[in-house]
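Student: Could you walk me through this one, starting from the interface and working inward? I'd like the reasoning along with the answers.

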Amino acid sequence: MFTKPLVAIALLASFCYTHAQECTLVLQGKITDFHDSQPLELAQIYVVQLQKTYISKADGSYEITDLCPGNYNISISHYDCDTKKIKIKINQNKTLNISLEHHINDLEEVKILADVHDNHSSTQSSTRIKAKTVQQYSGASLGDALATVSGVSTLKTGNSVVKPIIHGLYGSRVAIVNDGLRQQDQEWGVEHAPNIDINTASTIEVIKGASALRYGGDAIGGTILITPARVIAKDTLNGHAIIQGQTNGRGGSATTTVNNYRESGWYQQATLTYKKLGDFEAPDYVLSNTGSETAAVKLGVGFKTFEYGASAKYSYYQSEIGILRASHIGNASDLVRSINSGQPLIINDFTYDIGAPKQQVAHHGLQFNAYKRFAGLGKLNIDYSFQFNNRQEYDIRRGENAGRASLDMDLQTQNISVYGMVDAFENTIYEAGIDYMTQVNRPNAATEVRRLIPDYDANKVGAFTSVTYNPSENWMLDAGFRYDRYHINATKFYLQSRWEDLGYDEQFASFEIGREGNQIKTQPEFQYDLFAFTAGAKYVLNSHYDLSINLSSANRAPNPSELFSDGLHHALATIELGRLDLRKEQSYKINTAFHVNKGRLDLEINPYVNFVNDFIQLVPTGLETTIRGAFPVFQYEQINARLYGIDLHASYDFWTKKPAEERHTHPNELVYKAVKLLSLETNMSYIHGTSTSDEEPLIDMPPAQIQTQLTWYNAGIENLDLSVSNHAVFQQNRFPDNNFLVSIPNDEGQLITSTVDISSTPAAYSLWNVGASYTFAKANTKINLTANNVLNTQYRNYLNRQRFYADEVGRDLQLQIIYNF
Amino acid sequence: MKMKTMKTTKTMKTMKTMKNYIPVLSLVALLCMTSCTDDNEVQIINEDELITTVELELTSSSDATNVILFKSVDIDGDGPDDPVITVTGTINANTSYDGSIRFLNESIAPTENITEEVIEEGDEHEVFYNSSLADFSITKVDLDANGNPLGVITTLQTGAAGTGTLTVVLRHEPTKPNDNTLSGAGGETDVQVSFALTVE
């Protein structure tokens, strides 16, 4: 399809170049172990420009022949070693001896095999977001950056609360592991975004399944691994500073990361971020009360050598986020008015002030790590972490309660884990670990509002073991097993009428411990045994193709929200009820990935299917009338779900080809002497979710979407890149009908029965963005100028909880300056 | 051979260092794990801003014994029980009445009179009355601090006999002044009750 223009470009370009160089140069050398100078056999030397892999011999030697003069990027990897990347200029025959450091990959779960794509480190389908992309999102949220991965979408509340969805699942079905520490920040809430500063990440890896057993077996949607900058044993100070400003929200962010490394092994790392935005603006109006302010800091100190090391880290994240004023409503009549009006019922002038409703969150993380390697055996790791999360939500209140939080919860979590890895065997790595988590949730009674989530104490003890076996260069097999016992003990006051209406007075009479007024004090206590199993195989055909399949079976215990929630939801005018008799979820997922990297094409296709038995979801169960009118009641129920879909990522580079003058030109010359001119990148994802219990579509499934970007490199001026991208989102036509009927008083005093349409999905939309990026070669400085939603398109997003109230944000111009040092 | 010896010495040294680390680390962990939980008694929360009860009392201007009480009580708030709605007294045709409305929280003792807050924050509240009877008119008598209608105190004028509904709505943070319609006033609904209305 692209071949014809490509040939034309190549031909055109060929006239511009006349002189040829001989491609007869040889690069050779020896690959050894950094620590004991032993030769490394079967190391893979991948030459990026040639897309070819060379293998070292038994004596560690390698030879790359028929090289054209020029610059090459070479990545050298060896089973169980850190991959080393080297830039080299070759204009004559050269000898390059390379030493590789064994076992340096502290954070990698499974070691890499002969794979040209460093984003495939296990049989599980995973994608790594590069440091460059992470930097581009310095002023955005973690969720926004994650949405660049095909198969990942976001569940939003407004524009600032962004939760990642992996293969259709989110919340407690997705684990976020921040610097080796599983984030515990009340992630079960639909309106709770991860309390993580994206600028503390160097790279982010998305594992689209439950196979990262080291961090828990219950992530049936997937695991997000956030990795900080790698520690290097060299006397150096490095880091970056980024400032960013945007027109929509009339604010921006500033962040800096400084890393101080010593050859002795001591290091210090620090990241500071501040971000301030006022009200966002939709194409036609101001989105009143959507400003936000975020501050974050992360400090780390440690000592790292090959054999042992330890570190202590502290991180703090705080954020105040305004919630669209018009989305705070009293009853179903207000919701109908809002839906019918087509625009927010409250629109004020732009302001930086944040009033109620709003969220205020603070997250502290403290972690200690120590590791030790044992010669001829492996590695032992001990981690301890303490997390404190406070969340406050402010509603519109009356009288002396105005300005007082409606929800104020402290969640303390402690974790201790011991992890061992045995890598002394030639083709096999064994891993095992045990961990213990204890968690205390304490809602503040001073809110004077009945607790959304009750006081609870929970603990979890778990153990896992896994094995990775590389029978040959082309194959990788892995399998693992994990068991967790989760125990939760809550104290909750139920309205007596609710307790009896749900039949709990008979079913759970043993939980009752007292009665005060019209409320019953209860102490529900539950225990869940959770099992996870994963197995996979990967076949690497050659430097160009690989194929992998992974099966995982996992359990997830119901979260506190699913068990205990009980009350009115102010944004959707619904009463949401938890359920005490929920069972654990059971997921069976098959994930396959096929990857091609040949010539100009890089293609990954990732089909998957996930069967979840006892899938917990909210289902409408009826109407209840209160003094505020009638509300639909949604209760958590368990159904069997089937989710399948396909993710596709493709990039195609259009190159200008320099000519081959001689007849006997080596093919390497043709490949090497090309310059990237244009590149086209596409992400597509489609997901189909069904409740097989009643053959109804699942709610909140991301609609099919295509993101396409065309980049023109060195556009007229050296180091200037121009890009244009499109994000096309189709309408989700598969959704359950949860509409309900209510009586609404009209202005004539009559009660009119109206349908409240909370089910229909917004129309398809297509957004265009353009960008220019200029890199100052010497100063390590980069300037990005971006226009998002450049046509000021008016649209609504099915996965935004505020879609009933307002349009999405309109045009936004952003300027970002990145300085690396 | 030399290298091996060196490595072993180094390993031993690191082992020693590690031995120092581990107890310290475990101690920190243990201390925190035991000390960070608290066993405070979980206190009941009685929501004092909950409106459980709406009482609209009408007294005939000409006959002080002709009193009508429209009452809706939902003692369990957002709980499953429906409000209990009662209407006592007889509304006469072609009569004028003085009306006053009360919002109470009867789920706590003593009962909280929320009407006081509504009056105090009159500029952020307004009560709306709508009747399906054409010649049943309700006029708001009281004003908020800005001189806009509030609607806690009203006068009513009945016309011909008939049956219909009377809907009472309390809005929080409505647009003020407004056109006295529910659709035009905006704000969020704190109370919405419909009473059966019989004019005899």
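What follows is a back-and-forth on a predicted model.

Student: Since the model is predicted, let's begin with the chain pairing. How many residues of chain A are in contact with chain B?

Tutor: Contact here is counted between heavy atoms within 4.5 Å. On the other side, 66 residues of chain B take part. The count for chain A is 68 residues.

Student: And how much area do chain A and chain B bury between them?

Tutor: Accessible area lost is a common way to give the size of an interface. In chain A, the residues that lose the most to chain B are A:R398, A:I627 and A:D747, together 15% of what that side buries. Of the total between the two chains, 54% is on carbon and sulfur atoms. That total is about 6000 Å².

Student: A:R398 is an arginine, so which residue of chain B does its side chain meet in a salt bridge?

Tutor: The test is a Lys or Arg side-chain nitrogen within 4 Å of an Asp or Glu carboxyl oxygen. The N to O distance for the A:R398 pair is 3.0 Å, and the count between chain A and chain B is 8 salt bridges. The partner of A:R398 is B:D190.

Student: Which strand of chain A gives the most residues to the side that touches chain B?

Tutor: Polar contacts come into this interface too, with 24 residue pairs found across it, both at pLDDT 80 or more. The side of chain A that touches chain B divides into 23 nonpolar, 23 polar and 22 charged residues. The top strand gives 5 residues and spans 358-374. That is β23 of chain A.

Student: Over in chain B there's an open sheet of 3 strands. In what order do they run?

Tutor: Start with the edges: β6 (125-131) and β10 (188-199) of chain B each pair on one side only. Strand β9 (residues 162-172) pairs with β10(B) in the antiparallel sense over 11 bridges, with B:T163 opposite B:T198. Neighbouring strands are turned by 15 degrees against each other on average, direction ignored. The order is β6-β9-β10.

Student: Which helix packs on that sheet?

Tutor: Look to chain A for this one, at residues 332-341. The helix touches β9 and β10 of chain B, and its direction makes about 110 degrees with that of β10(B). The helix is α4 of chain A.

Student: Back to salt bridges. Which parts of chain A does the pair A:D647 and A:K208 tie together, and how far apart are they in sequence?

Tutor: The two side chains meet at 3.2 Å, N to O, and the pair is one of 43 salt bridges over all chains. A:D647 lies in strand β37 (residues 629-657), while A:K208 lies in the loop between β14 (203-207) and β15 (222-227), so the bridge ties together parts separated by 439 residues.

Student: β14(A) belongs to an open sheet of 5 strands. Which strands are at its edges?

Tutor: The order is β9-β14-β15-β12-β13, and the pairing is mixed. At one end, β9(A) and β14(A) pair in the antiparallel sense over 4 bridges, with A:S126 opposite A:I207. An edge strand pairs on one side only, and here those are β9 (126-129) and β13 (181-182) of chain A.

Student: What is the bridge partner of A:D484 in β31(A)?

Tutor: A:D484 also faces the other way, as the bridge partner of A:G462 in β28(A). β27 (residues 455-472) and β28 (residues 475-495) of chain A pair antiparallel over 16 bridges, and a hairpin joins them through 2 residues. β28(A) also pairs with β31 (residues 525-540) in the antiparallel sense over 15 bridges. In β31(A), the partner is A:L530.

Student: Any odd backbone geometry? Which residue has a positive phi although it is not a glycine?

Tutor: Most residues other than glycine have a negative phi, and most peptide bonds are trans. On the peptide side, cis bonds join B:A109 to B:P110 and B:K176 to B:P177, each with omega of about -5 degrees. The positive phi is about 75 degrees, in the loop between β40 (705-712) and β41 (720-729) of chain A. That residue is A:N719.

How values were computed. Residues numbered from 1 in each chain as written. Chains lettered and ligands numbered in written order. Predicted model: local features only at pLDDT ≥ 70, side-chain atom pairs only at ≥ 80, totals over all residues. Heavy atoms only, no water. Buried area = accessible area lost by both parts, 1.4 Å probe. Polar contact = N/O pair within 3.5 Å; in protein donor to acceptor, adjacent residues only side chain to side chain. Nonpolar A, V, L, I, M, F, W, Y, C, P; charged D, E, K, R; others polar. Pairing = 2+ DSSP bridges. Axes fitted to C-alpha atoms, helices over the stretch in contact; angles between N-to-C directions.
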